[in-house]
Amino acid sequence: MLDKVQVNKKNITMKKTIKVLVIEDNEYYNNLLSNAIQQSVNPMLAKGNYQLVLRSFTDASEYIRKIKSKELNCDYTAVFIDYYLGEGINAGHVIKLLKEHSSDAMVVLLSKSNSVRAKSDLVPYDYFVVKDKFAPALCGLYLQQYIENKYSVSLDQ
Amino acid sequence: MSGPFNKHLKRNSIQLKIGFLMILAVILLSATCYLLYRNLSSIVSSIRIDETPELRLLSIREISTDIEKAGNSVRIYTITKNPADIEPYYAFISNIDKKVSKLQSECSNDSVLLAQTFTIGNLIEQNILIWNKLLVLSRDNNVIGNLRQLSVQLDSVSATPRKQGILKRVFSLSPDTISIKKGIAADLEDIVEQNQEKRDELAVQELQLAKNSSEITGRFYDLISKMENELNEDIQAKATAASEVAAKSYSWLVMLAIAGGLLAILVIYIIIRYARNAYTYQIALENAKDEAEKLVKTKELFMANMSHEIRTPVTAISGFTEQLLHESLNDDTNSSLKVIKSSSDHLLKIIDDILDFSKLQNNKLALEKVHFSLSQILGDVHAMFEKQAQQNNTNLSYWLDPETPKVLLGDPYRLKQIMINLISNSVKFTKNGSVHLEVTSIKKKAEEIDLLMEFSDTGIGIDESKLNVIFEDFTQAEMSTTRKYGGTGLGLSIVKKLVELQRGTIDLKSKKNQGTTIVCRIPFITGDEKLVKKDIGRPVSVPDEISGMTILVVDDEEYNRCLFKKILDRWKFKFRLAENGIEALEVLKEEKYDLLFMDVRMPGIDGLKTTQFIREEMKISESDMPVVFISAASMNEDLEKYKKAGMNAFLQKPFTEEMLLSAILEVTGNKSESDFNEAGIINNKPGRDGNLDLHNLYHLSGGDEEFVKQMLFSFITTTEKGLNELKEAVTKQQLESAADISHKIQPPCRHIGAMDLYNLLNKIERTIRNHDSTGSFETLADNAQVEFGIVSRLINDHIAKMS
């Protein structure tokens with residue numbers, strides 16, 4: 001099981017916190033995504049007004065348990081979630097749970113094939129990303145744009 | 001509104017308070033100094049008085065000495081009977097008399113002492129009387145003595161009768177008469193008796209004198225002791241007074257010190273409070289500043305957004321009208337369309353004005369520097385207003401001094417804008433008259449000139465009182481002007497700002513109802529004729545060499561896409577339209593295009609980000625697919641940003657067919673047709689390793705080899721585990737689970753370019769999902785494990801190479 005928290009340690013005060021959740025049961029792909037996300041916000045972090053809190057999980061059932069037991073809150077800026085999470089769990093379960101506990105996070109749904117798009121009609125997601133070679137970078141791009149729009153930082157660049 | 005006023009008051013009051021307290025402190029200090037000085041000097045003066053010898057005591061001493069001396073003189077005289085010896089007595093007497101009266105005058109302020117001195121004076125007088133009596137007695141004594149001598153002589157017989165004096169003659173009646181002699185003797189006895197009496201009396205007098213003088217001495221001592229007592233008392237009183245003064249000044253000092261301390265505390269308190277308040281104000285001020293800056297930013301954003309929002313539909317109106325004009329309908333419709341076109345163009349101009357104005361106000365307008373032909377601009381402007389002038393029955397003319405350089409280096413668009421604004425004003429306000437523009441130049445240095453433009457009209461003119469407000473923002477000479485002639489009132493203000501931005505000057509002369517003359521003077525550099533961009537007169541016919549190209553258009557506005565569709569259809573291009581960046585990326589993953597038109601502002605992922613992604617992640621280079629940015633905003637300030645994102649050319653909305661074509665030609669100008677359909681991106685970058693393509697991973701790592709290594713290890717362990725699970729599931733005939741597992745481990749395989757392994761896994765998944773039971777899953781799973789063996793060996797080799 002993987003449950004790590006990466007906090008960008010720069011002086012924490014007065015900074016906007018970007019909280020990102022990654023749920024992907026394949027450890028390799030999980031690392032890949034986490035890395036791409038970290039890289040995509042690095043230029044923003046470098047400017048000093050933001051800090052990134054990145055939580056990644058490979059075990060979705062563990063995460064659901066933690067949410068239900070209120071061990072974790074689900075206040076995220078963005079959620080990157082694989083559709084098939086193993087053990088019969090899919091992204092729909094997790095997102096439903098997240099939406100129940102507030103959270104106006106941007107939801108990016110990932111899957112290997114486009115066919116999931118049709119299945120996932122019931123899951124409210126913002127973007128769908130096919131797991132091709134551009135997928136990690138595309139996730140980073142979505143996050144970047146979402147943060148820029150949310151905090152309208154692009155204006156003074 | 002009380003805010004600033006209050007602050008001002010408070011500021012004043014703190015100054016007043018501190019000033020007042022300072023003055024108080026100075027007063028306190030000077031009072032302290034003064035009191036100290038006074039008390040000290042009074043102490044010093046009392047000491048000084050004590051030091052001066054007591055004059056009265058001296059007088060008393062002198063008097064008693066004199067009395068003694070006088071007594072002595074009397075005594076000496078009584079013994080010697082020498083008149084010379086009595087002389088000092090009189091001197092002493094008169095001295096004593098003087099000194100007594102002097103003493104009396106010295107003691108005049110003390111009644112007790114005065115009475116004492118009077119007593120002493122009386123005693124001295126008595127003394128003198130006694131002395132005088134003594135002197136008289138002593139003189140009598142002398143007579144008696146003489147008499148005694150005489151009687152002795154008489155007794156010792158008259159052996160020497162001749163030697164008789166006056167007294168002898170008086171007393172000797174006859175020498176020979178014994179009876180007489182006897183009588184005389186009896187007389188003498190009498191006299192002796194008398195003499196004895198006298199002597200007794202003298203003794204009494206002397207006794208009296210002795211008593212007197214002892215009394216005088218006693219009195220003197222009494223007086224002296226009294227005086228000394230008094231003096232002592234006086235000294236004591238002075239000492240007490242001095243100590244009192246000292247105590248008083250001490251208490252004063254303590255009080256003043258306390259007051260000073262309190263004052264200091266008060267001042268410190270006030271200053272601290274002031275500083276604290278000042279700090280609060282400073283914070284408030286900073287907040288207000290931030291707020292204001294934020295507001296300005298918001299305003300800018302709002303202006304940009306609004307102008308964009310307004311421009312977009314107007315662009316569509318203008319563009320489609322232009323398209324309709326091409327489809328030559330009947331004349332009536334055409335003229336209506338022309339009106340629509342000119343109106344929408346006019347509306348665009350107004351929006352531009354407002355946008356320019358807000359940029360000018362924030363000093364955000366950047367000037368271009370290109371070579372341009374002056375006569376061309378003049379011709380354009382003239383053509384633009386010729387018709388309008390004719391409608392007003394006004395003659396519009398211009399004259400360009402042949403001495404003026406034909407080509408200048410500067411910002412033609414802004415120069416044109418100045419001319420347009422001024423001439424449109426002149427034309428607007430001139431009926432049945434003339435509008436004339438005269439352009440001359442003054443040579444300053446070899447390549448520098450001042451361009452002089454004189455705009456003169458015979459219009460309604462401007463009242464002299466309004467001349468100085470005419471250049472202000474949103475101002476028109478008359479309130480009624482807007483109603484009558486329209487306009488935003490920004491024209492002249494923009495002109496002035498534009499002229500000043502180009503370091504020029506503008507002068508206005510006008511008289512009501514007699515016309516207006518405006519003289520602009522703007523410095524320019526002489527340009528090069530060869531470098532003038534000739535974008536006029538290009539026919540809207542598509543050159544053959546670009547007709548085969550494929551174009552992808554990304555724009556979120558439907559009418560823009562339609563406009564593109566219309567134009568590109570007519571030009572017979574192959575093209576595809578995408579609504580947003582994400583769609584464009586999806587399309588580009590599958591297909592290749594020769595040219596991309598990208599709207600800059602789009603919801604979701606904007607054009608900049610999309611282009612950046614295309615260039616950096618998808619590795620589609622500028623030569624493979626140039627990108628033309630489309631935006632309603634002018635490009636000036638964002639050019640660098642655009643270029644960085646991967647832009648090759650810029651097309652401003654609203655665009656005409658010519659502009660579109662010239663943009664296409666600009667980016668494909670250096671390309672031959674053979675370039676267009678050339679296939680493939682050949683990737684020979686590091687990371688490509690036989691059956692693997694680690695390029696993606698390397699790219700993602702940002703040069704962090706440790707990360708690559710870690711990812712590769714992670715790939716091996718997760719994939720190995722997955723494959724084992726897959727084998728197990730297949731063996732147990734849990735096909736759904738096998739499909740899921742296979743689904744799960746495919747993306748990493750694809751990511752590191754292990755395509756054989758990926759294909760195998762994909763085949764397993766598909767076969768299961770399609771319920772195609774023909775294949776042997778076990779064989780496929782085994783094959784996958786064999787393939788994984790190859791991949792993992794390659795990866796291990798790679799890792800070995802890395803370290």
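1. Which residue just after H11(B) takes a positive phi? In this predicted model, the residue is Arg503(B), and its phi is about 60 degrees. The helix before Arg503(B), H11 of chain B, spans residues 491–501. Of its 11 residues, 9 are buried, so H11(B) is largely enclosed by the rest of the structure.

2. The buried part of H11(B) begins with Gly491(B), Leu492(B), Ser493(B), Ile494(B) and Val495(B), and also includes Lys496(B), Lys497(B), Leu498(B) and Val499(B). Two lysines are therefore among the buried residues, by the cut-off of 20 or more other C-beta atoms within 10 Å. The cover over these residues includes two helices of chain B, H7 (331–361) and H9 (412–429), together with two strands of chain B, E6 (505–511) and E7 (515–526).

3. Chain B as a whole has 803 residues, of which 28% are buried. Its secondary structure consists of 22 helices and 14 strands. Among contacts in chain B with a separation of 6 or more, 69% are between residues 24 or more positions apart.

4. How many residues does each chain bring to the contact between them? Chain B brings 26 and chain A brings 22. On the side of chain B that touches chain A, at least two residues come from each of helices H6 (178–326), H14 (607–616), H18 (695–701), H19 (705–731) and H20 (735–751). H20(B) gives the most, with 9 residues. Sorted by class, this side of chain B holds 11 nonpolar, 7 polar and 8 charged residues.

5. In chain A, strand E5 (residues 106–111) has 6 of its 6 residues buried. Both of its faces are covered: one carries Met106(A), Val108(A) and Leu110(A), and the other carries Val107(A), Leu109(A) and Ser111(A).

6. E5(A) pairs with two strands of chain A, E4 and E6. With E4(A), residues 78–82, the pairing is parallel and runs over 5 bridges; here Val79(A) has Val107(A) as its bridge partner. With E6(A), residues 127–130, there are 4 bridges, again parallel; here Leu109(A) stands opposite Phe128(A).

7. The largest nonpolar core has 121 residues. The residues with the most contacts inside this core are Ile37(A), Phe80(A), Ile81(A), Val108(A) and Cys139(A). Helix H5 (residues 135–151) of chain A gives the largest share, 9 residues. Domain 3 (544–676) and domain 4 (689–802) of chain B both contribute as well, so the core lies between these two domains.

8. Which residues does Cys139(A) touch, leaving out those up to four places away in sequence? They are Leu33(A), Ala36(A), Ile37(A), Phe80(A), Val108(A) and Val129(A). A second core, separate from the largest one, has 34 residues, among them Val427(B), Ile449(B), Ile470(B) and Cys520(B).

9. Asp132(A) sits in the loop between E6 and H5 of chain A. Is Asp132(A) buried, exposed or partly exposed, and why? It has 15 other C-beta atoms within 10 Å, so it is partly exposed. Its C-alpha atom is separated by 9.1 Å from that of Ser111(A), a residue 21 positions apart from it along the chain. Asp132(A) also touches two residues of chain B, Lys589(B) and Arg750(B), when residues up to four places away in sequence are not counted.

Terms used
Residues are numbered from 1 along each chain as its sequence is written. Chains are lettered from A and ligands numbered from 1 in the order in which they are written. This is a predicted model: local features need pLDDT of at least 70, side-chain atom pairs count only at pLDDT 80 or more; totals for chains, interfaces and linings use all residues. A residue is buried if 20 or more other C-beta atoms lie within 10 Å of its own, exposed if 12 or fewer, and partly exposed in between; C-beta atoms are placed from the backbone. Two residues are in contact if their C-beta atoms, placed from the backbone, lie within 7 Å. Ala, Val, Leu, Ile, Met, Phe, Trp, Tyr, Cys and Pro count as nonpolar, Asp, Glu, Lys and Arg as charged, and the others, Gly among them, as polar. A nonpolar core is a set of buried Ala, Val, Leu, Ile, Met, Phe, Trp, Tyr and Cys residues joined through C-beta atoms within 7 Å. Domain bounds come from an automatic or database domain assignment. Two strands pair if DSSP finds at least two bridges between them.
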